[in-house]
Amino acid sequence: MTDITTQQYVQAGREAMKDDILQSALANVQGRLGPGTQAAYRNLPEGPDLRLKAHEIREKTINNLDIVLETLADTIRKRGGKVFFARTKEEAVAYCLKVAQANKVKQVVKGKSMVTEEIGLNKNLEAAGIQVSETDLGEYIIQLAGEKPSHIIAPAIHKTRQQVGKLFSEKIGTPYTEDPATLTGAARKALREKFLSADMGITGCNLACAETGHISLVSNEGNIRMATTLPKVHVAVMGMERVVPNLEDHEILFRLLSRGAAAQKLGGCVSYIGGPGGPDFPDGPEAFHLVILDNGRSRILADPAFREILCCIRCSACLNACPVYGKISGHAYGATYCGPIGAVLTPLMVGMNRAKDLCLGESLCGACQQACSVNIDLPRMLRELRFRLAEGDPAWGTTPVSRMERLGYQGFAFLAGHPRLYGIALKLGAVAEKLFPKNKDMISRMPGLGAGWTVSRDIRPVSGRPFRERWKSMDRKN
Ligand code: SF4
């Protein structure tokens with residue numbers, strides 16, 4: 001991942017919460033897509049339990065990933081495509097550059113792809129003198145703005161149409177307008193020229209099917225069809241987990257992907273791409289390359305506690321349900337993947353210590369799992385990350401938390417196991433807390449280690465009379 005700013009998570013989150021335009025955009029996307037997705041799951045012929053079946057499919061695939069990927073590579077090669085397994089983002093970028101240079105590529109058109117964001121492909125192609133044009137409307141907007149996506153499937157969700165109107169008038173000379181249809185028409189005209197002159201198309205891959213050797217891609221505007229068929233070379237980059245063994249499994253996951261992503265029965269434009277064109281289907285490119293990227297995924301696969309995160313199909317439903325994402329937006333996460341999926345995946349990919357705030361910031365409310373199209377237990381993995389950070393784990397390079405904090409929790413564990421002492425401690429606490437500043441009978445500021453608890457909220461004082469005592473003296477006959 002490039003340009004990681006996870007250390008600024010807290011500060012960036014605070015700033016996002018002060019941005020009224022952003023808050024209204026987030027409320028809009030969550031208000032629309034959150035409930036819509038739940039209704040879409042309920043309306044499935046098989047009911048919402050199809051998500052459990054999808055989870056089984058994903059788990060089985062991930063547990064047999066080596067075999068499924070080898071099958072995929074063989075099938076694609078038989079269909080005339082080339083397959084490259086990239087261990088690192090550097091290897092993936094180098095391969096794309098090699099293909100571009102071998103084909104004397106000057107211009108690239110891209111379909112929306114988070115995995116190419118992950119490897120920082122655009123800036124490397126541009127550094128090699130290749131012009132790169134994003135063709136998904138949202139990606140096109142943020143490329144013009146010089147920004148990063150703030151949502152997995154709606155990258156420009158943080159921008160208003162007024163901002164887009166201003167941007168288009170500055171960057172592509174469109175007379176200022178706020179009319180979405182006119183703005184879309186302007187982008188369409190500018191992009192048509194790019195499609196016609198590009199030598200290479202680069203896309204991600206929603207899912208690849210090992211049985212048939214095709215990759216499938218969803219787009220809202222159909223731009224991916226042109227990015228994959230007009231240029232003479234098509235390179236698709238996929239995370240190594242985005243594979244399914246057969247078409248039957250593919251169909252189930254695809255139906256859930258569309259529902260999770262946009263509460264739709266099926267994405268606007270779905271493309272199935274099975275390699276280069278040929279005598280029977282002359283519309284395809286002359287060459288097709290699939291880059292299968294590891295970039296830390298094998299390490300995740302090797303840890304049974306985190307392997308489940310590889311079941312993710314990047315539908316983004318967890319973002320649309322998460323109360324934290326709904327307030328701080330995607331940029332605050334400081335990495336390619338944001339929201340609950342990013343809070344788990346980013347620490348595993350860029351380092352737990354470096355990205356620790358992301359998993360600490362999530363609320364553990366469980367909304368992400370309920371929204372997830374494949375029922376991934378994200379809260380469990382968030383807790384597991386916190387555990388590894390607190391206890392230290394040499395395998396992930398984490399060291400135990402501060403001695404004082406550890407002593408504090410050990411003390412609490414001891415008291416919790418000794419009710420009489422616990423009762424005495426509560427009574428002492430109730431006396432001591434009288435010294436703390438109050439706001440409407442709530443403690444507004446704690447000293448020392450407890451200070452963090454009152455940074456953004458007041459807390460209820462300890463009762464001088466514990467529940468057990470009150471319970472004993474209650475008249476429970478009535
Ligand atoms: S974790 Fe689940 S809800 Fe979130 S992006 Fe992945 S599949 Fe979608």
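The legends below describe close-up views of a six-stranded sheet, the helices lying across its strands, and a pair of packed helices.

This is a predicted model, in which local features need pLDDT of at least 70 and side-chain atom pairs count only at pLDDT 80 or more, while totals for chains, interfaces and linings use all residues. Residues are numbered from 1 along each chain as its sequence is written, and side-chain values use heavy atoms, with hydrogens and water left out.

**View 1. The open sheet has six strands in the order 1-10-7-4-2-3, with parallel pairing.** Strands (E, at least two residues) and helices (H or I, at least four residues) are DSSP runs numbered from the N terminus, and two strands pair if DSSP finds at least two bridges between them. Strand 1 (82-86) and strand 3 (131-134) are the edge strands, each pairing on one side only. On average, neighbouring strands of this sheet are turned by 20 degrees against each other, direction ignored; axes are lines fitted to C-alpha atoms, for helices over the stretch in contact, and angles run from 0 to 180 degrees between N-to-C directions.

**View 2. Strand 2 (residues 107-110) pairs with strand 3 in the parallel sense over four bridges.** Within this pairing, Gln 107 has Gln 131 in strand 3 as its bridge partner. Strand 2 is also joined to strand 4 by three bridges, the two running parallel, and here Lys 110 stands opposite Ile 202 in strand 4.

**View 3. Strand 4 is covered on both faces.** Met 200 and Ile 202 on one side, and Gly 201 and Thr 203 on the other, are all buried, meaning under 20% relative accessible area with a 1.4 Å probe and protein chains only. Four bridges join strand 4 to strand 7, which run parallel, and Gly 201 stands opposite His 234 in strand 7.

**View 4. Helix 5 (residues 89-102) lies across strand 1, strand 4 (200-203), strand 7 (233-239) and strand 10 (287-293).** Helix 5 runs at about 170 degrees to strand 10, whereas helix 10 (residues 180-197) lies across strand 2 and strand 3, running at about 120 degrees to strand 2.

**View 5. Helix 16 (residues 339-350) and helix 19 (residues 378-391) pack with their axes 10 Å apart, at an angle of about 40 degrees.** That angle makes helix 16 oblique to helix 19, the term for angles that are not under 35 degrees, over 145 or from 65 to 115. In the contact (heavy atoms within 4.5 Å), residues of helix 16 including Pro 340, Val 344 and Leu 348 meet residues of helix 19, among them Leu 378, Met 381 and Leu 385.

Note on methods
Buried means under 20% relative accessible area, exposed over 50%, partly exposed in between (1.4 Å probe, protein chains only).
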